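Trainee: I am new to this structure and would like a close look at a single part of it, taken slowly and with its surroundings explained.

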Amino acid sequence: MNPEDAERLSLAAAGEVRVESASGTVIATLALDDSLRPGVVAMTHGWGHGASPALKVASNHPGVNVKALLPSGVGSFEPLSNQAHMTGIPVEVRAA
């Protein structure tokens, strides 16, 4: 998150935040990045496998499953490629 947004929302780096979309919620650790535009949140994809013991590395480093924030159902896929919309998801961020 951009530091200006964090200041406006009274959030601190390394603090836990609640990130919520119309489809779900995750709790994450806040990192500040002044290269992000104000109003933008970036989250790393590829974590959230704590309940997958067959994935040894992933289950040892579970992280947050950002897919919980993605929309589902009608209109949640790009019609030509059938690719799920995975960017540009509106979210709200606040202290956890």
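Where is Ser10 found, between which helix and which strand?

Mentor: Before turning to that residue, please keep in mind that what you see is a predicted model. Ser10 lies in the loop that runs between helix 1, residues 3–8, and strand 1, residues 16–20. Its backbone deserves a careful look, since Ser10 has a positive phi of about 55 degrees even though it is not a glycine. As for its surroundings, Ser10 is exposed, with a relative accessible area of 66%, a value that lies over the 50% cut-off used for that word.

A second residue can be set beside this one. Asn82, which is likewise not a glycine, has a positive phi of about 65 degrees, and its place is in the loop between helix 2, residues 56–60, and strand 3, residues 92–95. Asn82 is also exposed, with a relative accessible area of 55%.

To see what the loop of Ser10 leads into, it helps to have the whole chain in mind. The protein has two helices and three strands, and read from the N terminus these elements follow one another as α-β-β-α-β. The chain has 96 residues, of which 19% are buried, and its C-alpha atoms fill a box of roughly 35 × 35 × 20 Å along the principal axes. If you consider the contacts between residues at least 6 apart in sequence, 54% of them join residues at least 24 apart.

After the loop that holds Ser10 comes strand 1, and this strand belongs to an open sheet of three strands, arranged in the order 2-1-3 with antiparallel pairing. The edges of the sheet are strand 2, residues 25–29, and strand 3, each of which pairs on one side only. On average, neighbouring strands in this sheet are turned by 30 degrees against each other, if direction is ignored.

On one side, strand 1 is joined to strand 2 by five bridges, and the two run antiparallel; they form a hairpin, with four residues between them. Within this pair, Glu16 has Thr29 of strand 2 as its bridge partner, while Arg18 stands opposite Ile27 of strand 2. With strand 3, strand 1 pairs over four bridges, again in the antiparallel sense, and there Val19 has Val93 of strand 3 as its bridge partner.

The two faces of these strands can be read in a similar way. In a regular strand, side chains alternate between the two faces of the sheet. In strand 1, Val17 and Val19 make up the covered face, whereas Glu16, Arg18 and Glu20 make up the uncovered one. In strand 2, the covered face consists of Val26 and Ala28, and the uncovered face of Thr25, Ile27 and Thr29. The pairs named above fit this picture, for Glu16 is on the uncovered face of strand 1 and its partner Thr29 is on the uncovered face of strand 2.

One residue further along the chain brings together parts that are separate in sequence. Val41 is found in the loop between strand 2 and helix 2, and at 33% relative accessibility it counts as partly exposed. Leaving aside neighbours within four places in sequence, Val41 is in contact with Met1, Val91 and Val93, and Val93 is the residue of strand 3 that we met as the bridge partner of Val19. Val41 and Asp5 are 36 residues apart along the chain, yet their C-alpha atoms are separated by 9.5 Å.

Finally, the outside of the protein can be described as a whole. The protein exposes about 6,700 Å², and carbon and sulfur atoms supply 55% of that area. It carries 6 positive and 9 negative charges, and the mean positions of these two groups are 10 Å apart.

Definitions and conventions: Residues are numbered from 1 along each chain as its sequence is written. This is a predicted model: local features need pLDDT of at least 70, side-chain atom pairs count only at pLDDT 80 or more; totals for chains, interfaces and linings use all residues. Side-chain values use heavy atoms; hydrogens and water are left out. Buried means under 20% relative accessible area, exposed over 50%, partly exposed in between (1.4 Å probe, protein chains only). Contact means heavy atoms within 4.5 Å. Accessible areas come from the Shrake-Rupley method with a 1.4 Å probe; for residues, only the protein chains shown count as cover. Lys and Arg count as positive and Asp and Glu as negative; His and the chain ends are not counted. The place of a charge is taken as NZ of Lys, CZ of Arg, CG of Asp or CD of Glu. Two strands pair if DSSP finds at least two bridges between them. Axes are lines fitted to C-alpha atoms, for helices over the stretch in contact, and angles run from 0 to 180 degrees between N-to-C directions.
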